[in-house]
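Please open the model in a viewer and keep the sequence panel visible. The stops below are arranged as a sequence of selections.

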Amino acid sequence: AGGLAGGIEICITFPTEYVKTQLQLDEKANPPRYKGIGDCVKQTVRDHGIRGLYRGLSSLLYGSIPKAAVRFGMFEFLSNQMRDEQGRLDSTRGLICGLGAGVAEAVAVVCPMETVKVKFIHDQTSPNPKYRGFFHGVREIVREQGLKGTYQGLTATVLKQGSNQAIRFFVMTSLKNWYKGDNPNKVMNPLVTGVFGAIAGAASVFGNTPLDVVKTRMQGLEAHKYKNTWDCAYQIMKHEGPLAFYKGTVPRLGRVCLDVAIVFIIYDEVVKFLNKVWKTD
C-alpha cells in the first residue's frame, strides 16, 4: 500500500521537488543562478524543455516505492507493539514510531536515492552534463566514487528523514485521535485524511527545512567542499546567513503538503481494500 502510494505521489509532484533542489543548490556566494521559483522554472524550460523539470525523476520513482513501503511497514510494525488495549496509539508513541520509520527509510532507501537525484539535478546545470540516464549516472557515480558516492550526506539524511516522519506521524496521530474521539473505529473520509496529511506535511517543512538544505548541499556535485554535515551547516551560516537554511521552502511546502496528503489517502484506502480482501483485521 505504501509503495503504490509513493509511486503515484512522486509522478504528480516531482517538478516542485526539482525547483526546490535547484534553489537549495544555488549558492549565494557563486553568484546565484536563479532569482526565484519562477525564474528557475523559466530557465529550465527554456534550456531543457518541460522534460527538464523531470530531471532526476527516475531515481525518486525507483526509490519511492521501496521508501514508502519501508516507512509504512516500519511504522505499522512499531505501532503494533505500542498500541494500548483499545488499539489506540497516542501522539507521543506516534512520534517515536515515526522517528523509527524515518531512520529506517533513510538508511535503507532515501540516502542513495536522494544522492542520485541531487547529482542528476545539479548535473543539468553543468556546462557539459555527463549523466545520460539513470543507470548510466549511477554507474558513473559508483565508478568515480565507489558505493559510498551514493551514500553522501547520510547523517543529514537520517536527521532529516527521522525528524520528517516523527513530526508527520505525531501530527497525523494527534489529528486522527482528535477526530475519532472515543470511537477508534470511526471511519475517516479520504478528504479529511488528505487535509490532516497536508497539515502534517506543512509542519515537517517548517520544522526541518534547514536539515533538508544541508542534506542537499552534502549530496551535490560540490559536496567535496565540506568536511562533514556540521561543516556544511557552518559554511552555509558563515557565507550565506541563516535565511539560506530556508531556501526552497515554498516549492518544498507545495510538494510536501501534496505528497503527504496523497500518500496518506492512498495508503488508508489501499489498507481498507486489502483488509476487505484478506480480512487482516
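A residue counts as exposed when its relative accessible area is over 50%, and as buried when that area is under 20%. The model on the screen is predicted, and the tour begins with a residue to which this cut-off applies.

**First selection: W178**

Select W178, which is placed in helix α6. Is W178 buried or exposed? Its relative accessibility is 64%, so W178 counts as exposed. Now add D47 to the selection and draw a distance between the two C-alpha atoms. The two residues are 131 places apart along the chain, and their C-alpha atoms are separated by 49 Å.

**Second selection: the domains**

Colour the chain by its domain assignment, which gives domain 1 as 1–54, domain 2 as 62–151 and domain 3 as 155–280. Where domain 2 and domain 3 meet, the contact takes 29 residues from domain 2 and 23 residues from domain 3. Taken over C-alpha atoms, the centres of domain 2 and domain 3 are separated by 12 Å.

A second colouring may be based on the database record. In an unreviewed UniProt entry, the annotation "repeat: Solcar" covers residues 1–81, 92–178 and 188–273. Select residues 92–178: this span is 80% helix and 0% strand, and its end C-alpha atoms lie 14 Å apart. Then select residues 188–273, where the chain is 78% helix and 0% strand. The end C-alpha atoms of residues 188–273 are 14 Å apart.

**Third selection: the largest pocket**

Display the surface and centre the view on R83, K176, K180, D268 and V271. These residues lie nearest the centre of the largest pocket, which is lined by 31 residues. The volume of the largest pocket is about 1100 Å³.

Which helix supplies the largest share of the lining of this pocket? Select α9, from which 8 lining residues come, the largest share. Helices α3 (57–82), α6 (154–180) and α9 (249–278) each supply at least two residues of the lining. Colouring the lining of the largest pocket by class gives 12 nonpolar, 9 polar and 10 charged residues. With the domain colours restored, domain 2 and domain 3 are each seen to contribute at least three residues to the lining of the largest pocket.

**Fourth selection: the largest cavity**

Turn next to the enclosed spaces. The structure holds 4 cavities of 30 Å³ or more. For the largest cavity, select K67, K160, Q161, N164 and R255, which lie nearest its centre among 17 lining residues. Two or more residues of this lining come from each of α1 (2–25), α3, α4, α6 and α9. About 150 Å³ of space lies in the largest cavity.

Helix α6 gives the most to the lining of the largest cavity, with 5 residues. By class, the lining of the largest cavity divides into 4 nonpolar, 3 polar and 10 charged residues. Why is the largest cavity said to lie between domain 2 and domain 3? Both domain 2 and domain 3 give residues to its lining, so the largest cavity lies between them.

**Fifth selection: Q124**

Move to helix α4 (residues 91–124) and select Q124, which is found in this helix. Q124 has a relative accessible area of 9%; because that value is under 20%, Q124 is buried. Show the neighbours of Q124 as sticks. Leaving aside residues up to four places away in sequence, Q124 touches Y18, T44, H48, G52, R55 and P129.

**Sixth selection: helix α7**

Select helix α7 (residues 190–219), in which P190 is placed. P190 has a relative accessible area of 32% and is partly exposed. With residues up to four places away in sequence left out, P190 touches I265 and E269. A further distance may be drawn from P190 to F264, 74 residues apart along the chain: their C-alpha atoms are separated by 8.7 Å.

Finally, select T216, which is also placed in helix α7. Is T216 buried or exposed? The relative accessible area of T216 is 0%, so T216 is buried. Beyond residues up to four places away in sequence, T216 touches T21, Q24, L25 and V118.

Definitions and conventions:
Residues numbered from 1 in each chain as written. Predicted model: local features only at pLDDT ≥ 70, side-chain atom pairs only at ≥ 80, totals over all residues. Heavy atoms only, no water. 1 Å grid on protein atoms, 1.4 Å probe; cavity = no way out; pocket = protein on both sides within 12 Å on 5 of 7 lines; lining within 4 Å. Points joined across faces, edges and corners; volume = space filled by probe spheres on them. Helix = DSSP H or I, 4+ residues; strand = E, 2+ residues; numbered from the N terminus. Nonpolar A, V, L, I, M, F, W, Y, C, P; charged D, E, K, R; others polar. Domains from an automatic or database assignment. UniProt positions renumbered as here; feature names shortened; annotations may be inferred. Buried < 20%, exposed > 50% of the residue type's maximum accessible area, 1.4 Å probe, protein only. Contact = heavy atoms within 4.5 Å.
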